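User: Hey, got a minute to walk through a model with me? I'll fire off questions as they come up.

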Amino acid sequence: MRRVFLLVAATMLLVGAAAYAHHSYAATYDTAKEVKLAGKLMQFSFKNPHSYVTIQAPDAKGAMQRWAIEWAGTSQLANRGITQDTLKIGDEITIVGRPSRVPGEFKALMVNLKRPSDGFSWGSRPDDVVD
Amino acid sequence: MTYRTRLTARSALFAVALLITVTAFAQGPARPGMPTEIASEWRLDSNEDPGAIGGQGQPPLGYYLGIPFNAAGRMRADTSAESIWGTPEYGCRPHSAPHQWRGLGGARILKEQDPLTREIKAYHIQFMRSLDWPIYMDGRPHPPAWAPHTWSGFSTGEWVGNTLKVTTTHLKDGYIRRGGPQTSDLYTMTDFITRHGDILTVVTVIDDPVYLDEPYIQSTTYTADLTGTTATENCNGSEFTENGGTDRHWVPHFLPGQNTALTEWLKNEPWVPEVASRGGLETVYPEYAATLNGSKKVSDLKVPASKSAITVDKQRSNQSPKDGEVHIQPVQGNIYMLVADGTNITVSAGPEGLLVVNTGTAPMSDKILAAIKQLSSSAIAAPTPNNCIGVNCPGTWGWAAPFLNTVISSPAPPKPIRYVINTSAAPEHIGGNQKIAAAGFFPRTAGFGAAVDNIGRSALVLSHENVLLKMSAKVPNQPAIPAVAMPSDTYFDEFRKLPEYFNGEAVILYHAPAANTDGDSLVFFRHSEVISAGNIYSTVSYPVIDLANGGTFQGVIKGLNKILDLAVAEIRGQGGTWVIPSHGRLSDTGDVASYRNTMTMIRDRVQDLIDKGMTLEQVKAAKPTMDFDGRYGSDTGPWTTAMFVEAVYKSLKEKK
């Protein structure tokens, strides 16, 4: 019986504190896998509920694809000093992401982003996670 | 034992909610006119979603515990992909109605009162990612079944003791729980909202017999938050697809059996039997535990299943009732939808007259004409109110005080039908041509007096030329269609626009090649923002594909994508451009996207089976449409599921 109450209480606490994304990351992305991409920034959409980075980078077979990388919302990025001007179209960047679970989809959840030209990076601090 | 514990925990939570509700009842009925005050800001406290398992309240794939799925519901959940949020049509949609109560940001409840009587006319509930959700308390009826569905639906409320009972219909399809479990668009939702001090308990009953063997019940608890403010999150829709790639019509989904992640979460929760994780009516009840140790079979269980209050076939047929009547549904701008005995007719009514898209079946012609005349009299010819006072008011002949004209003048005579457009040669599209075109008048003679000339007096009938070819072909033992019913003007390429505005707007016909037939058109009213979709889109059946007359399944999907390319939502994936199907309810981009998604999933499934070398019979046996059959399929009638699957198979096999 004690376990029952603990379970209920824990569920209530966790759910109450949760910050919901509008979709489920666990269901969208395979969080056990990584995809590494290097290419040119095609679009940076600084928006809510989540920002997106589009880069042109090769897939596993070497074919160039447009990859959509889901990033954090505007408030969370702003807390790290990131604005809509932080990334420029044409920037050469590298990204590590969690790939989509859907076969054939060129999409990932941002784990970290680096811009070698000036050393800018995101994803190195403990709170640099998409939530 | 552990599973029983889990079930007990869930039952305990629900029991607490019920107990509190019962306690509130025990305090005695509310005084008439003095319902419990529920208007406040409310902070989300708790619910049964598996926050402890999925992380941050996000259920993992395959977490179906507690959901009384039927087989279709389970298949639909297994094959749905959360990436659907990344499609252009769904990127800004709010949470589905059952989940709105559980989304980030709490809830705000407002009340709308009559300023004189102080009666509560409505409650309005707002969430961070929703539009305003009105709950009408004034006794108004729910709209007819052919009216549009929205993400929040249409709600009416009544106080039952200290509990506000809210009944919601006209909901779009969505999800019960994030990460897979879906609803159809035929479900209803009943909320029981009870306040106890600073606690608000919401018990929600989701009744969806398309996917559930019994209604699903969930509860959510809030705490009054007098210093809180329910935020609004702007959704800045993107012009590019958030799913990557370059195909703007990409529909993410899993083929049956392809979703291998459904049991991943059980690695961390080994005490949950996999068979129980799949949901189902029996798994919801404690008696199910006896089947896990082998002491009972599932088939031997007797559980007290609740019955659905919904009859699916009736819900579907009511959207396009065959009742021998014509119902007028205003749409937007100049446009009206006539619901005419199982088929819809689109009418543009304005100062230049009437344009009619499709003419219904022949036996309904007189009633359709009467409805059009009624529309013409009430919408066009009625005296218009005058907003100008004095002799300098422009544009009015007659009295110096022009409002007198509106008082003493007889209504102008109804305007004539100028155009008839046939979106195909289907009987319900051309059946009334003869009477309705003959009742119209398109001026064909030049020179003074042409307006009263009777030469060639009939409406102009316009269609793709393949419709004319079909209608003019000789059919043994059938009389030829009279000339007045034939298209008098046709087009042959990708589109045809009327050369000038009609009723103040551009009207454009787009050809949908090799769709239901080889002659289908979409009709776009560019200022009213309405698309008459013909047979390409339906809310009551799978698309009818006439292979013998040039139809293909791929063409239907392309036609649906064309609609989505033209249409723009007003906000959050609903409203904006309205779409009138030939059969079914008035729709918007969210509805057409759902139908397109369904057809794309079916295409990919059948193609996969073809690629595996399956014959038609093998494909039918694999039931690739099983999760949609309850919504769109039929075992009887002129267009059965088997006929549809055969048409899909042949279309894909021939790669037209």
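User: How do β8 and β9 of chain B pair, parallel or antiparallel, and over how many bridges?

Analyst: This is a predicted model, and in it strand β8 (residues 199-207) of chain B pairs with β9(B) in the antiparallel sense, over eight bridges. One of the partnerships puts B:T201 opposite B:T221 in β9(B).

User: And what about β1 and β9 of chain B, what sense and how many bridges?

Analyst: Antiparallel, with five bridges between β1 (residues 40-47) and β9 (residues 216-224) of chain B. B:R43 has B:T223 as its bridge partner, and B:S46 has B:T221.

User: What do these strands build overall?

Analyst: A closed barrel of nine strands, in the order β1-β2-β3-β4-β5-β6-β7-β8-β9 (chain B), with mixed pairing. From one strand to the next, the twist averages 30°.

User: Is β9(B) enclosed or open to the outside?

Analyst: Largely enclosed by the rest of the structure, because eight of its nine residues are buried.

User: Switching topic. Which strands make up the open sheet in chain B?

Analyst: Five of them, ordered β17-β18-β19-β20-β21 (chain B), and the pairing is mixed here. The edges are β17 (495-497) and β21 (578-583) of chain B; each has a single partner strand, so one side of each has no neighbour in the sheet. Ignoring direction, neighbouring strands are turned by 25° against each other on average.

User: How does β20(B) run relative to β21(B)?

Analyst: Parallel, with five bridges joining β20 (residues 530-538) of chain B to β21(B). B:I531, for example, has B:V579 in β21(B) as its bridge partner.

User: Which helices lie across that sheet, and at what angles to β20(B)?

Analyst: α13(B) lies across β18 (507-512), β19 (520-525), β20 and β21 of chain B, and runs at about 160° to β20(B). α14(B) lies across β20 and β21 of chain B, at about 25° to β20(B).

User: OK, now α17(B). What does its length say against the expected span?

Analyst: It agrees. Helix α17 (residues 641-654) of chain B has 14 residues, which at 1.5 Å a residue should span 20 Å, and its end C-alpha atoms are 20 Å apart.

User: Which residues of α17(B) are buried, and what do they pack against?

Analyst: The buried ones are B:T641, B:F644, B:V645, B:A647, B:V648, B:Y649, B:S651 and B:L652. The buried residues of α17(B) pack against α13 (553-566), α14 (589-611), α15 (616-622) and α16 (626-632) of chain B. Note that α13(B) also lies across strands of the open sheet, β20(B) among them.

User: What comes just after α17(B)?

Analyst: B:K655, with a positive phi of about 55°.

User: Give me the big numbers for chain B.

Analyst: Chain B has 17 helices and 21 strands. It has 656 residues, of which 56% count as buried. Among its contacts with a separation of 6 or more, 65% come from residues 24 or more positions apart. The chain exposes about 27,600 Å², with carbon and sulfur atoms supplying 56% of that.

User: Last one: where is confidence lowest and highest in chain A?

Analyst: Lowest in helix α1 (residues 2-17) of chain A, at a mean pLDDT of 35, and highest in strand β4 (residues 92-99) of chain A, at 97. Over residues 1-20 of chain A the pLDDT is below 50, and this stretch has 34 contacts in the model beyond near neighbours in sequence. Where pLDDT is low, the predicted coordinates should not be read in detail. For chain A, the mean pLDDT is 83, and 83% of its residues reach 70 or more.

Technical notes. Residues numbered from 1 in each chain as written. Chains lettered and ligands numbered in written order. Predicted model: local features only at pLDDT ≥ 70, side-chain atom pairs only at ≥ 80, totals over all residues. Heavy atoms only, no water. Pairing = 2+ DSSP bridges. Helix = DSSP H or I, 4+ residues; strand = E, 2+ residues; numbered from the N terminus. Axes fitted to C-alpha atoms, helices over the stretch in contact; angles between N-to-C directions. Expected span 1.5 Å × (residues − 1). Buried < 20%, exposed > 50% of the residue type's maximum accessible area, 1.4 Å probe, protein only. Contact = heavy atoms within 4.5 Å. pLDDT = per-residue confidence, 0-100. Areas by Shrake-Rupley, 256 points an atom, 1.4 Å probe, with all protein chains shown as cover.
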